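Reader: I'd like a close look at one part of this model rather than a tour of everything. Could you take me through the nonpolar core and the strands around it, then work outward to the loops?

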Amino acid sequence: ILIGERLEAVVSKKDRYLVKRLKKESKRLRKMVEGTLELSKLENNKAIKENKRISISDLVMESWQSLKPLAEKKDVKINLLTPTEYFISGDIENLKRAFINILDNAIRFSPVNEEIQVEIFKRDSSVVTRVRDKGIGLEANEFNDIFTRFYMGDPSRTKFKKSSSGLGLSITKKIIDNNNGFIKAFNHKEGGAIIETIFKLTNE
């Protein structure tokens with residue numbers, strides 16, 4: 001990026017768009033390298049911290065706070081629906097990273113001036129969290145593909161300009177797996193995509 005700034009200072013005005021493209025691509029590649037290293041650590045269980053009791057609604061809202069500036073750019077709000085507080089056991093730091101990725105994805109694919117609906121409920125001995133955006137939804141082949149490495153998705157699904165490494169949801173899935181959870185994606189019958197996570201409830 002420093003090289004890009006130096007180039008921008010010396011090239012002609014008509015060529016500055018090339019420097020901007022270079023800076024954007026450099027940022028994307030840096031994110032890709034960092035994401036690949038993080039995923040490698042997760043796959044080797046080197047990034048697992050101490051398990052602690054966590055309120056899933058607190059985890060969602062703390063993750064949302066990290067993304068508020070991004071959401072405000074599109075005037076996107078969160079609507080949290082939960083009948084009571086549910087607790088799980090897991091690595092708080094990494095689980096927060098996972099929910100930041102899920103919510104970030106929902107923001108990117110949400111239309112302007114919409115809400116992201118987060119529903120938390122109990123199913124048998126588990127707690128389910130569903131994050132729904134109000135975008136155009138996923139193609140059937142994407143339900144699994146979005147969790148694979150370097151999957152970028154259809155750029156026409158979002159007009160939000162944000163560089164992506166294609167690793168965010170792959171990292172998210174590995175974090176969920178490492179915390180004995182389950183994650184899947186599907187479409188809502190009234191439109192938009194849903195990312196659902198399931199964890200075992202804990203009372204300890």
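Author: Here's a walk from the whole chain into the core, then out to the loops. One thing up front: this is a predicted model.

Let's set the scene. The chain has six helices and seven strands, and from the N terminus they run α-α-β-α-β-β-α-β-β-α-α-β-β. Of its 204 residues, 42% count as buried. The accessible surface comes to about 11800 Å², with carbon and sulfur atoms accounting for 50% of that. If you take the contacts between residues at least 6 apart in sequence, 71% of them join residues at least 24 apart.

Now the core. The largest nonpolar core is made of 37 residues, and the ones with the most contacts inside it are Ile56, Leu95, Ile116, Val127 and Phe199. Plenty of elements chip in: helices H3 (56-74), H4 (92-108) and H6 (168-178), along with strands E4 (115-123), E5 (126-132), E6 (182-187) and E7 (193-200), each supply at least two residues of this core.

Phe199 is a handy place to stand and look around. Skipping neighbours within four places in sequence, Phe199 is in contact with Ile56, Ile88, Leu95, Phe99, Ser126, Val127, Ile176, Asn179 and Gly181. Ile56, Leu95 and Val127 from that contact list are also among the residues with the most contacts inside the core.

Next, strand E5, where Val128 and Thr129 both sit. Val128 counts as buried because its relative accessibility is 0%, and the cut-off for buried is under 20%. Thr129 is buried too, with a relative accessible area of 1%. What do these two touch, leaving out residues up to four places away? For Val128, the partners are Glu119, Ile120, Phe121, Arg123, Glu196, Thr197 and Ile198. For Thr129, they are Ile56, Val60, Phe99, Val118, Glu119, Ile120, Ile195, Glu196 and Thr197. So Glu119, Ile120, Glu196 and Thr197 turn up for Val128 and again for Thr129. If you want a distance to check, Val128 and Tyr86 are 42 residues apart in sequence and 9.6 Å apart in space, C-alpha to C-alpha.

Looking back from strand E4, Phe121 lies there, and its contacts beyond four places in sequence are Tyr86, Ser126, Val127, Val128 and Arg130. The C-alpha atoms of Phe121 and Glu85 are separated by 9.2 Å, with their positions 36 residues apart along the chain.

Since you'll probably go hunting for ring interactions: a search of the whole structure finds zero aromatic pairs. There is a charge over a ring, though, with the charged end of Arg53 sitting over the ring of Phe87, 3.7 Å from its centre.

Moving on to helix H6, the buried residues there are Leu169, Ser170, Ile171, Thr172, Ile175, Ile176 and Asn178. Ile176 is the one you've already met as a contact of Phe199. After H6 comes Asn180, with a positive phi near 60°, in the loop between H6 and E6. Asn180 is exposed, at a relative accessible area of 70%.

That phi deserves a second look, because most residues other than glycine have a negative phi. Asn180 has its positive value although it is not a glycine. Asp75 does likewise, with phi near 55°, and it is found in the loop between H3 and strand E2 (77-81). Asp75 counts as partly exposed, at 34% relative accessibility.

Last stop, the stretch around helix H5 (142-145). Asn141 is placed in the loop between E5 and H5 and is partly exposed, with a relative accessible area of 47%. A polar contact of 3.3 Å joins the side chains of Asn141 and Asp145. In H5 itself you'll find Phe143, which is partly exposed at 26% relative accessibility. Leaving aside residues up to four places away, Phe143 touches Leu138, Ala185, Phe186 and Asn187. Phe143 and Ile195 are 52 residues apart in sequence, with a C-alpha to C-alpha distance of 9.3 Å. Ile195, for its part, is one of the contacts of buried Thr129, which brings us back to strand E5.

Methods. Residues are numbered from 1 along each chain as its sequence is written. This is a predicted model: local features need pLDDT of at least 70, side-chain atom pairs count only at pLDDT 80 or more; totals for chains, interfaces and linings use all residues. Side-chain values use heavy atoms; hydrogens and water are left out. A nonpolar core is a set of buried Ala, Val, Leu, Ile, Met, Phe, Trp, Tyr and Cys residues joined through side-chain atoms within 4.5 Å. Buried means under 20% relative accessible area, exposed over 50%, partly exposed in between (1.4 Å probe, protein chains only). Helices (H or I, at least four residues) and strands (E, at least two) are DSSP runs, numbered from the N terminus. Contact means heavy atoms within 4.5 Å. A polar contact is a pair of N or O atoms within 3.5 Å; within protein, one must be able to donate a hydrogen and the other to accept it, and residues adjacent in sequence count only if both atoms are side-chain atoms. Rings of Phe, Tyr and Trp (its six-membered ring) pair if their centres lie within 6.5 Å; planes under 30 degrees apart count as stacked, over 60 as edge-to-face and the rest as tilted. A charge sits over a ring if NZ of Lys or CZ of Arg is within 6 Å of the ring centre and within 35 degrees of the ring normal. Accessible areas come from the Shrake-Rupley method with a 1.4 Å probe; for residues, only the protein chains shown count as cover.
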